Amino acid sequence: MSVQISPSILSADFARLAEEAKAVEGADWLHVDVMDNHFVPNLTLGLPVVESLRKATDTPLDCHLMIENPDRWAPAYVEAGASSVTFHAEAATAPVRIAREIRAKGARASMALRPATPIEPYEDLLPELDMLLIMTIEPGFGGQPFLDIMLPKIRRTRALIDKHGLDLWLQVDGGVSAETIERCAEAGADNFVAGTAVYGADVPAAAVRALREQAAAVHRH
């Protein structure tokens with residue numbers, strides 16, 4: 001498994017997004033948290049900001065839609081410039097259709113699960129996806145502490161991916177830091193969203209490199 005680090009701009013300075021995007025060049029993805037104040041209790045950014053970010057950085061955009069009605073909105077985020085679009089299982093009416101629409105438009109399709117949502121009911125959908133996101137906090141706000149109780153779910157998800165022989169990335173998002181990334185990697189995650197741990201560091205790009213090395217060391221053993 002190759003390790004990928006996706007810094008979350010939720011922890012960046014929104015007044016300086018272009019500079020903040022450049023500060024993490026060398027990251028695999030730029031994680032863009034889209035919140036609508038309905039699905040989660042916070043309002044962040046939407047399509048116009050994604051379009052602007054696409055022009056401001058060469059790092060591919062990984063858009064995490066924490067919104068109601070992703071069935072309607074997900075394809076628009078591909079058109080706005082996202083290379084990967086994640087919708088929430090809990091908000092989607094027709095997850096297979098959304099995944100196929102995202103893929104048809106040329107992006108990677110990903111589905112996210114909130115902490116209380118089990119993976120098992122979605123086993124048959126996994127071949128339709130390019131990535132699965134296990135939330136390791138309740139979505140809505142950055143800077144929350146990592147939920148260790150999610151580690152067994154990450155393990156079970158990795159086991160299902162391996163059982164079906166799928167080339168499916170397993171992403172974790174929430175409280176990922178130098179203190180927690182190794183546990184996530186041991187459980188089977190290979191794509192790590194980090195907000196505060198990257199943008200709270202003196203040199204964000206160095207934090208990205210350090211996190212990648214930490215997780216890669218686990219996968220090597």
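**Strands, crossovers and a pocket**

Strand β3, helix α3 (residues 70-80) and strand β4 form a right-handed β-α-β unit; helices (H or I, at least four residues) and strands (E, at least two) are DSSP runs, numbered from the N terminus. Right-handed here means that, with the strands pointing away from the viewer, the path from the first strand over the helix to the second runs clockwise. The model is a predicted one, in which local features need pLDDT of at least 70 and side-chain atom pairs count only at pLDDT 80 or more, while totals for chains, interfaces and linings use all residues. Residues are numbered from 1 along each chain as its sequence is written, and side-chain values use heavy atoms, with hydrogens and water left out.

Now for the strands of that unit. Strand β3 (residues 61-66) and β4 run parallel and are joined by 4 bridges; two strands count as paired if DSSP finds at least two bridges between them. Across this pairing, His64 sits opposite Thr86 of β4. On to the next neighbour: β4 is also joined to strand β5 (residues 108-113), again in parallel, by 5 bridges. There, Val85 has Ala109 of β5 as its bridge partner. Helix α4 (residues 95-104) completes another right-handed β-α-β unit with β4 and β5.

How enclosed is strand β4 by the rest of the structure? Because 5 of the 5 residues of β4 (residues 84-88) are buried, the strand is largely enclosed by the rest of the structure. Buried means under 20% relative accessible area, exposed means over 50%, and partly exposed is in between (1.4 Å probe, protein chains only). The cover is on both faces of β4, with Ser84, Thr86 and His88 buried on one side and Val85 and Phe87 buried on the other.

Strand β8 (191-194) gets a similar look. Both of its faces are covered too: Asn191 and Val193 are buried on one side, Phe192 and Ala194 on the other. Strand β1 (residues 4-7) pairs with β8 in the parallel sense over 4 bridges, and Ile5 has Phe192 of β8 as its bridge partner. Strand β7 (residues 169-173) pairs with β8 as well, in the parallel sense over 3 bridges. In that pairing, Gln171 is matched with Asn191 of β8. Between β7 and β8 the chain passes through helix α6 (residues 181-187), and this β-α-β crossover is right-handed.

Next comes the empty space. Rolling a probe the size of a water molecule over the atoms shows where such space is left. The largest pocket has a volume of about 260 Å³. A pocket is found on a 1 Å grid over the protein atoms alone, as an open set of points where a 1.4 Å probe fits, with protein on both sides within 12 Å along at least five of seven lines; lining residues have an atom within 4 Å of a point. Grid points are joined across faces, edges and corners, and the volume is the space filled by probe spheres set on the points. Which residues of the lining are closest to the centre of the largest pocket? Of the 25 lining residues, these are Gly142, Gly143, Gly174, Gly175 and Gly195. The elements giving two or more residues to the lining are β2 (30-35), β8 (191-194) and α7 (196-199). Sorted by class, the lining has 12 nonpolar, 11 polar and 2 charged residues. In this sorting, Ala, Val, Leu, Ile, Met, Phe, Trp, Tyr, Cys and Pro count as nonpolar, Asp, Glu, Lys and Arg as charged, and the others, Gly among them, as polar.

A few single residues round off the picture. Asn37, in the loop between β2 and α2 (47-56), has a positive phi of about 65 degrees although it is not a glycine. With a relative accessible area of 45%, Asn37 is partly exposed. Asn69, in the loop between β3 and α3, has a positive phi near 55 degrees, and it too is a residue other than glycine. Asn69 counts as partly exposed at 37% relative accessibility. Ala74, by contrast, lies in helix α3 and counts as buried at 0% relative accessibility. As for cysteines, Cys63 is buried with a relative accessible area of 0%, and Cys184 is buried with a relative accessible area of 0%. The structure holds 0 disulfides, a disulfide being a pair of cysteine sulfur atoms within 2.5 Å.
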